[in-house]
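Work through the exercises below with the model open. Try each task before you read its solution.

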Amino acid sequence: RSKLSGPELLCQIKEMVQIVTLTPDMEPFSALPWASQLPPRQITADIGPFKTCAVVSSAGSLKNSGLGKEIDAHDAVIRFNAAPTTGFEKDVGSKTTLRLINSQVMASEDHHFLSSSLYSAGILVSWDPGPYSSDLREWFNKTDYPIFKQYQRYRRLHRQQPFYILHPRMEWQLWQRIQDNMVETIQKNPPSSGLLGTVLMMSLCEVVHVYEFLPSRRKTELCHYYQRFSDAACTLGAYHPLLYEKNLVKRMNKGSDRDIYTHGKVTLPGFTTFNC
Ligand code: NCC
């Protein structure tokens with residue numbers, strides 16, 4: 001198979017990865033009393049379009065980056081899981097338009113998801129590894145973590161905050177793009193929150209700047225900018241096919257290698273800005 005160019009890859013993702021969020025009319029949710037807690041419209045119908053967006057990875061290499069001002073200058077900013085801004089503004093900024101969280105964060109005791117103020121800023125979007133078939137009923141009966149139980153509890157406590165759940169099909173459509181563009185067989189686990197959020201932003205924004213997903217000269221074994229824990233697998237991947245995700249993003253980058261080296265910064269075009 002021949003290696004696709006950056007523009008070809010961008011087109012594949014634009015055409016083959018559908019950004020869909022759960023709505024109350026979808027089975028098997030439609031039959032459940034709490035389905036009315038789900039947003040009635042698609043996230044892409046409710047928010048944006050934004051001009052410029054920043055995707056802020058949680059990588060340790062953001063530490064001492066001084067990128068906070070540059071990140072905050074974007075019209076919308078997405079962050080992940082338990083990544084804080086308080087105390088780290090200089091490096092990661094303070095604006096949070098969206099927060100994408102995995103179901104582990106919603107369920108684990110340590111994250112205090114229901115009560116922590118960390119999650120109350122911006123629009124929440126959550127996801128849980130679905131079955132490869134992406135069958136909603138199958139997933140509903142066998143989620144990795146109790147995403148739906150926690151969703152209902154959170155909604156009761158924070159009725160005003162928009163909160164979407166990604167359709168698990170998106171994970172696998174994106175996974176398939178990674179696999180089809182790699183020679184090796186990759187692990188059958190969904191892409192990381194970072195890549196899911198990047199593609200989500202490409203559907204909401206004209207231009208997307210991704211920070212420290214491709215590591216800069218500050219590359220470190222420090223896992224997160226907000227924790228002391230070190231593990232190279234955080235940057236290279238263990239469960240998620242992270243190394244392959246990064247390879248794909250590198251190929252789609254419209255920015256310079258210099259920007260990656262100095263700012264850990266990648267520039268990706270929004271889906272509405274190019275034709276296939
Ligand atoms: O670590 P995590 O990701 O929350 O990071 C968010 C996204 O930033 C990018 N990243 C992070 C660290 C790093 N050194 N380099 C990076 O490029 C990745 O794109 C990553 O997705 C996740 O993807 O949801 C993940 O979540 C954590 C964990 O569940 C949460 O942080 C909550 O504690 C996972 N860690 C573990 O399960 C131990 C991680 O594998 C993936």
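**Exercise 1. Locate Pro 28 and describe the peptide bond before it.**

Step 1. Pro 28 sits in the loop between α1 and α2 (43-46). Helices here are DSSP runs of H or I with at least four residues, strands are runs of E with at least two, and both are numbered from the N terminus.
Step 2. The bond joining Glu 27 and Pro 28 is cis, with omega about 0°.
Step 3. Now turn to Pro 49, in the loop between α2 and β1 (50-56). A cis peptide bond joins Gly 48 to Pro 49, and omega is about 0°.

This is a predicted model: local features need pLDDT of at least 70, side-chain atom pairs count only at pLDDT 80 or more, and totals for chains, interfaces and linings use all residues. Residues are numbered from 1 along each chain as its sequence is written, and side-chain values use heavy atoms, with hydrogens and water left out.

**Exercise 2. Find the loop that holds Asn 81 and decide: buried or exposed?**

Step 1. Look between β2 (76-80) and α4 (89-92); Asn 81 lies in that loop.
Step 2. Check its backbone: phi of Asn 81 is positive, about 45°, although the residue is not a glycine.
Step 3. Asn 81 has 16% relative accessibility, so the residue counts as buried. The cut-offs are under 20% relative accessible area for buried, over 50% for exposed, and partly exposed in between (1.4 Å probe, protein chains only).
Step 4. His 112, a residue other than glycine, also has a positive phi, near 45°. His 112 is in the loop between α5 (103-107) and β4.

**Exercise 3. State how many residues of α8 are buried and what covers them.**

Step 1. Helix α8 spans residues 169-180.
Step 2. Nine of the 12 residues in α8 are buried. Among them are Trp 172, Trp 175 and Ile 178.
Step 3. The cover includes α1 (6-16), β4 (123-127), α9 (193-202) and α11 (242-252). Contact means heavy atoms within 4.5 Å.

**Exercise 4. Describe how α1 and α8 pack.**

Step 1. The axes of α1 and α8 come within 10 Å and cross at roughly 155°. Axes are lines fitted to C-alpha atoms, for helices over the stretch in contact, and angles run from 0 to 180 degrees between N-to-C directions.
Step 2. The two helices, α1 and α8, are therefore roughly antiparallel (an angle over 145 degrees).
Step 3. Gln 12, Ile 13 and Met 16 of α1 meet Gln 173, Leu 174 and Arg 177 of α8.

Terms used
The expected span of a helix is 1.5 Å times one less than its number of residues. Angles under 35 degrees count as roughly parallel, over 145 as roughly antiparallel, 65 to 115 as roughly perpendicular and the rest as oblique.
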